[in-house]
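Got your viewer ready? Load the model, switch to a cartoon view, and we'll go from stop to stop with the selection tool.

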Amino acid sequence: MLEKKIQKAISEAFAQLYNHDLPEVEVGLQPTRKEFEGSYTFVVFPYLKITKGKPEDSGAQIGNWLKDNTDFITNFNVVKGFLNLELSDESWLKTFSEIAADESYGSFSPNGQKVMVEFSSPNTNKPLHLGHLRNNFLGDSASRILAANGYEVKKVNLVNDRGVHICKSMLAYQKVGNGETPESAGMKGDHLIGKYYVKFDQMYKVEINTLIDKGIDPEEAKKEAPSIKEAQEMLQKWESGDAETVALWEKMNGWVYKGFDKTYETMGISFDTMYKESNTYLLGKEVVEEGLEKGVFFKKENGSVWVDLTAEGMDEKLVLRADGTAVYMTQDMGTCDMKHKDFAFDKSVFVVGNEQDYHFKVLFAIMGKLGRAYADGLYHLSYGMVDLPTGKMKSREGTVVDADDLLQEMFNTAEKHTRELGKIEGMDEEEAMNLYRMLGLGALKYFLLKVDPKKRMLFNPQESIEFQGHTGPFIQYTHARISAILRRGKSLEVQTGFDPEKVGELSKREVELIFKITEFTKSLREAAREYSPAIIAQYVYDLAKDYNGFYQEVPIFNEENNDRLAFRIVLSAITAKLIKKSMNILGIEVPERM
C-alpha cells in the first residue's frame, strides 16, 4: 500500500541525506489536515537531532529528495515542521485498482490465537437496562473486531443467577405472588420477576421505618428487618438444596431466561456459551489452598486468607472469609481457571463497568502471582455510565431505564421520523417495519458505540435518530443512496471494469475518498489493539461523510468518459462494501433502499 511505499522512501531519504538508518516501521505518517494540500504528513520535529537543521529546512530537504527520487510523490509543502506530501493520480488509481480487485480486502487471515470475550452478565432478578445495552453492544462489537483481525473468538455470558438479591424477588413472589405467571400477567418473565424485586424493596423499607420508629438505629434496622432475614434464610435453604426453594428458583429463573432471550434477539446479540454463577460460586477454594502452599496468600489469626499486593501498588485483599465462605474474588479466581480449561485462550476480555476497575486490577495481579501463564492476556474492557437527558423515558420502577422500553421507543421514533421525511415510498408494510427496526436499533447501537468506552456518556434518543450529523441513520442512509446509484449503473449497463490509464485526472474529492478507503485495515488493527468500537464508528462516519462530499461535487452519470464513469461506479461500490463491513463490525445492519 502507499503508506508503506512512503515509509520506505523516507527511510531511504534519511540514509542518503543524513547517513542515518531510520527503520521503515519507525517512520510515523498521519493524514494531512484538510486545510493543507497533500494526503500524508511526516512530522519532522522528532528527527531534528539527526537532520541538524531547522524544522522548515529539514522538511524541505526531505521533500525535495522524495520528489526527485520517487515516481509517486509529485509535490510537497512544509508548514513549520510538518511535511505534507502530495501523491500522483496514477499511484492513487493503481492502489485503488488493487483494492477493488482484492475480494478479501479488509479481512485478516486467522492468526492462530484464541480470545474469550465475557459480557452482558445480568442478574436474574430484573430486566436488562440502559447500562446493559452499552455493555452488550461493546462486548458484541469487540468480539466482531477481534474476529475480523483473525482471532478465534468465543463470546460468553456469566449470569448472576444466585445470591440474596435473587432470593429477595423469590420471597416477595412467595408472599404476594398468588401463582401469577408471565402468561396470566401478560408480561415478559424478566419484567414479572423485576416487579417482585421492587415489591420486596417496598416491604423491606416499611419494616425498616417501623423499627426506626421504635428507636432502633437505622443501620441496625436494615439488618434486623424480618424480610432481609427471611431472604438470607432462603439463600441458606437454596445452598443446602431444599427441594421447594430450588424448584421455585428454577421456575422463576426459567421465566427470566425466556424474557432475556427475547431482548437479546431484539438487540441482535448471541453467545457461544452461557455460564451460571450457581455452577461457579463454589469454585476457587482449591486456588486459595494452592496460594497458601505457594506462599502467595497468608492466613490471619482469625483464619481468614489474604493476599498482600502492596508491592504492586495496591493493598491487602481478602480471598477467603474466616468461616471458610467465599468472597467474589475467590469465585473469580476459580472461574478464570475454569474458563481457560474450557477454551485455552491467549486473551480473555471482561466487559464490565468502570466501578469494578480496582477489582480486576487485583484479580489479574493475583493470577499473575499464582504463576498462571494466561495472566498477561487478561484484559478489563472498562466503560463509563450512560446518562439520559432528565425526565426521558423513566422505567416502571422510576429509577433505571428498561432496555425493552428503550428499544421500543427507538423503533417508534424511527418510524415517526422516517414517515415525516417520506423515506418509505414504494415499500410494503413488512419492508417498512424492518426499516424502522434497522434504523432504531442502528441509531441506538451507533450512538452508544461512537463514544470512547472509558468515557461516561449522555444518550440523547432524539439526536441519535437524525439522518444528518454523527449518527447511525446518516451512515445507513448513505449506504442506501450508494445502493441506488449501483442499481442505476446496472440498469444503464455501465461497463463493470475500468482502465486506470484512461480515467484521467482525479478530483480532490476522489483522492480523499480513495485515501479513506486505504485507511480501513489500519483502523481495524487499531480498534483491536485498543478494544474500541469507537475507532470503527469514527472511521465509517468519516467514510460516509467523504462519500457524500464526493457525491455532491462530482457528477457520476453525466460523465461521458466510459472509464471514468466506470471508475466512479466502482469507487461507489467499494465505499458501500466498506460501510456495510464497518457497520456489521458494530453489529448494525444497513438498508439497500430508503
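Start by selecting T518 and showing what surrounds this residue: setting aside neighbours within four places in sequence, T518 is in contact with Y40, W92, T95, I99 and Y105. T518 sits in helix α20, and with a relative accessibility of 12% it counts as buried, the cut-off being under 20%. Keep in mind as you click around that this is a predicted model.

**Zoom out**

Now reset the view and take in the whole chain. The protein has 23 helices and 14 strands, and its C-alpha trace spans about 90 × 65 × 45 Å along the principal axes. Of the 594 residues, 53% are buried. If you like contact maps, here's one number to keep: among contacts between residues at least 6 apart in sequence, 74% join residues at least 24 apart.

**Stop 1: the first helix and its strand neighbour**

Select residues 2–18, which is helix α1. Does its length add up? At 1.5 Å a residue, the 17 residues should span 24 Å, and the end C-alpha atoms are indeed 24 Å apart, so the two agree. Colour the buried positions of α1 next: L2, E3, I6, Q7, A9, I10, S11, A13, F14 and Y18. Then step just past the end of α1 to N19, where phi turns positive, at about 55°.

Keep α1 on screen and add L29, which belongs to strand β1 (residues 29–31). Buried or exposed? L29 is buried, at 11% relative accessibility. Which residues does L29 touch, leaving out those up to four places away in sequence? The list is E3, I6, Q7, I10, Y40, T41, F42 and K522. Of these, E3, I6, Q7 and I10 also appear among the buried residues of α1. Y40 is a name you've met already, as one of the contacts of T518.

For a sense of scale, draw a distance from the C-alpha atom of L29 to that of Q174: the two are 145 residues apart along the chain and separated by 66 Å.

**Stop 2: salt bridges**

Side chains of opposite charge can pair when their charged atoms come close. This structure holds 36 salt bridges, and three of them are worth a click.

- Select D201 and K205. Their closest N and O atoms are 3.1 Å apart. The two residues are four places apart in helix α8 (residues 189–213), so about one helical turn separates them. D201 is partly exposed at 33% relative accessible area, and K205 is partly exposed too, at 48%.
- Select K229 and E224. This salt bridge runs 2.7 Å from N to O. K229 is partly exposed at 34%, and E224 is likewise partly exposed at 34%.
- Select K508 and E512. Here the closest N and O atoms are 3.1 Å apart. Back in helix α20 (residues 508–518), these residues are four apart, so again about one helical turn lies between them. K508 is partly exposed at 46%, whereas E512 is buried at 16%. Don't hide this pair yet: shared partners link K34, K508, R509, E512, D546 and E553 into one salt-bridge network.

**Stop 3: a helix pair**

Two packed helices are described by the angle between their axes and the distance between the axes. Select residues 243–267 for helix α11 and residues 403–420 for helix α16: the axes come within 11 Å and cross at roughly 35°. The crossing is left-handed. Which side chains should you show at the contact? On α11 take T263, T266 and M267, and on α16 take A403, D404, L407 and F411. Sorted by class, that makes four nonpolar, two polar and one charged residues.

**Last stop: S572**

Finish by selecting S572, which lies in helix α23 (residues 562–585). How buried is S572? Its relative accessible area is 0%, so S572 counts as buried. Show its surroundings, skipping neighbours within four places in sequence, and you'll find I482, I485, L486, Y547, F550 and I556 in contact with S572.

Key:
Residues are numbered from 1 along each chain as its sequence is written. This is a predicted model: local features need pLDDT of at least 70, side-chain atom pairs count only at pLDDT 80 or more; totals for chains, interfaces and linings use all residues. Side-chain values use heavy atoms; hydrogens and water are left out. The expected span of a helix is 1.5 Å times one less than its number of residues. Buried means under 20% relative accessible area, exposed over 50%, partly exposed in between (1.4 Å probe, protein chains only). A salt bridge is a side-chain nitrogen of Lys or Arg within 4 Å of a carboxyl oxygen of Asp or Glu. Axes are lines fitted to C-alpha atoms, for helices over the stretch in contact, and angles run from 0 to 180 degrees between N-to-C directions. A crossing is left-handed if the near helix is turned anticlockwise from the far one by less than a right angle, and right-handed if clockwise. Contact means heavy atoms within 4.5 Å. Ala, Val, Leu, Ile, Met, Phe, Trp, Tyr, Cys and Pro count as nonpolar, Asp, Glu, Lys and Arg as charged, and the others, Gly among them, as polar.
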